[in-house]
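Reader: Please take one part of this model, examine it closely, and then relate it to the rest of the protein. I would like a single connected account.

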Amino acid sequence: MEKQELKDFNQNNIRTFGRRHGKKLSIRKQWLMENLLPQIMPKMADFSTKSVILEIGFGNGEHLRDLAINNSESIVIGAEPFANGVAALLSAITNESDNTLIDEYKNIRVHPDDVRLLLQDFENIKFDEIWVLHPDPWPKAKHEKRRLLNHDFLNLLSKHLKTGGKIIIGTDHWEYYDWIVNELKQTRLIIKSTNLDIIKTRYQIKNKAQTSTPKYMILSN
Ligand SMILES: C[S@@+](CC[C@H](N)C(=O)[O-])C[C@H]1O[C@@H](n2cnc3c(N)ncnc32)[C@H](O)[C@@H]1O
């Protein structure tokens with residue numbers, strides 16, 4: 001994206017994530033960020049595959065890796081602006097001996113930035129599944145505007161969904177869950193089911209919101 005376009009984007013899209021960088025990366029992870037990452041960023045050709053799955057805010061990528069293994073015929077795209085999370089994923093999907101991609105993860109693509117930039121770059125692309133697990137809850141009232149899953153963004157996701165496609169959202173922050181249900185009223189999306197086995201992501205294991213169970217919703221147009 002050109003500088004002016006990026007400026008316009010930042011003005012129109014409020015920041016929904018916390019840090020971009022954490023502690024200094026190891027030499028291996030830094031190497032992977034510089035050399036492997038550019039090779040596995042999403043390209044137009046990826047969308048000619050029959051099925052494409054998107055995970056938004058994959059954290060360290062535990063669930064993204066499961067998606068890749070369980071959907072070996074699909075392209076699985078992860079979007080995450082937190083560099084240390086991206087580096088953790090790259091480390092986990094490569095052989096330590098020679099930094100090559102492990103075979104079962106060859107269908108993974110990584111967009112190391114805000115997902116809204118990806119959706120802007122590929123504006124006519126549609127997905128079979130879109131996953132959002134434990135989106136940042138921004139619990140303070142003054143930060144509510146930072147919540148990613150507002151009706152504008154849900155409408156954008158709805159536009160990027162194939163016929164019969166689904167959006168799967170999970171959060172252990174029940175207040176955010178109810179807030180999303182309310183936002184859905186301003187979209188054409190409907191809740192098809194709330195039934196899903198608990199998915200143990202890193203965030204869920206830490207159980208930051210200190211609620212006992214995450215709640216899920218599966219949406220479709
Ligand atoms: C609370 S963490 C959960 C991470 C992971 N899904 C898990 O369950 O362990 C939320 C993640 O969403 C990412 N995120 C927030 N806004 C985003 C955006 N606009 N595009 C992509 N990722 C975003 C953050 O960087 C953060 O890693």
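**The loop after α4 and its surroundings**

Author: N99 is placed in the loop that runs between α4 and β3. The model is a predicted one, and what follows should be read in that light. The backbone at N99 deserves a remark: its phi is near 60 degrees, a positive value in a residue that is not glycine. N99 has 14 other C-beta atoms within 10 Å, and it is therefore partly exposed.

A second residue invites comparison. H134 also has a positive phi, near 55 degrees, and is likewise a residue other than glycine. H134 is located in the loop between β4 and α6. Is H134 buried or exposed? It counts as buried, because 24 C-beta neighbours lie inside 10 Å. Thus N99 is partly exposed, whereas H134 is buried.

The account now turns to the two elements that the loop of N99 joins, beginning with the helix. Helix α4 covers residues 83–92, and its buried residues are G85, V86, A87, A88, L89 and L90. Against which elements do the buried residues of α4 pack? They pack against two helices, α2 (27–36) and α3 (62–70), and against two strands, β2 (75–79) and β3 (108–111). The strand at the other end of the N99 loop, β3, is thus also one of the packing partners of α4.

The α2 side of this packing can be followed through one residue. M33 belongs to helix α2. Beyond its neighbours within four places in sequence, M33 is in contact with L25 and with V86, A87 and L90. V86, A87 and L90 are among the buried residues of α4. M33 itself is partly exposed, because 18 other C-beta atoms lie within 10 Å of its own and burial requires 20 or more. The C-alpha atoms of M33 and N84 are separated by 9.7 Å, although the two residues are 51 apart along the chain.

The β3 side can be followed through I108. Once neighbours within four places in sequence are set aside, I108 is in contact with I40, L64, A68, V76, G78 and I93. I108 also stands out in the largest nonpolar core, which has 46 residues: together with V76, L89 and I130, it touches the most other members. L89 is one of the buried residues of α4, so the helix supplies one of these four members of the core. In soluble globular proteins, nonpolar side chains tend to be buried together.

From I108 the path leads to I40. I40 is found in the loop between α2 and β1 (52–56). With 21 other C-beta atoms within 10 Å, I40 is buried. Apart from neighbours within four places in sequence, the contacts of I40 are I108, R109 and V110. I40 and I77 are 37 residues apart along the chain, and their C-alpha atoms are separated by 9.5 Å.

I40 also serves as a reference point for R116, a residue of helix α5. The two are 76 residues apart in sequence and 18 Å apart in space, C-alpha to C-alpha. R116 counts as partly exposed, because it has 17 C-beta neighbours inside 10 Å. Helix α5 (115–121) in turn leads to the ligand: 23 residues surround the ligand, the closest being F17, G57, G59, T201 and Y203. α5 and α8 (202–206) are the elements that give two or more residues to this shell. With 3 residues, α8 gives the most. By class, the shell comprises 11 nonpolar, 7 polar and 5 charged residues.

The loop of H134 has a helix of its own to consider. In α6, residues 151–159, the buried residues are F153, L154 and L157. Seen down the axis of α6, these buried residues fall within an arc of 100 degrees, so they line one face of the helix. They pack against β4 (127–133), β5 (161–171) and α7 (174–183).

Finally, the whole. The protein has 8 helices and 7 strands. Its radius of gyration is 17 Å, close to the 17 Å that the globule rule gives for 221 residues, so the protein is as compact as a globular protein of that length. The C-alpha trace spans about 50 × 40 × 40 Å along its principal axes. Buried residues account for 35% of the 221 residues. Of the contacts between residues at least 6 apart in sequence, 78% join residues at least 24 apart; the contact of I40 with I108 is one instance from the region described here.

Methods:
Residues numbered from 1 in each chain as written. Predicted model: local features only at pLDDT ≥ 70, side-chain atom pairs only at ≥ 80, totals over all residues. Buried ≥ 20, exposed ≤ 12 C-beta atoms within 10 Å, placed from the backbone. Contact = placed C-beta atoms within 7 Å. Core = buried A, V, L, I, M, F, W, Y, C linked by C-beta atoms within 7 Å. Rg over C-alpha atoms; globule rule 2.2 N^0.38 Å. Arc of directions from axis to C-beta. Near = placed C-beta within 6 Å. Nonpolar A, V, L, I, M, F, W, Y, C, P; charged D, E, K, R; others polar.
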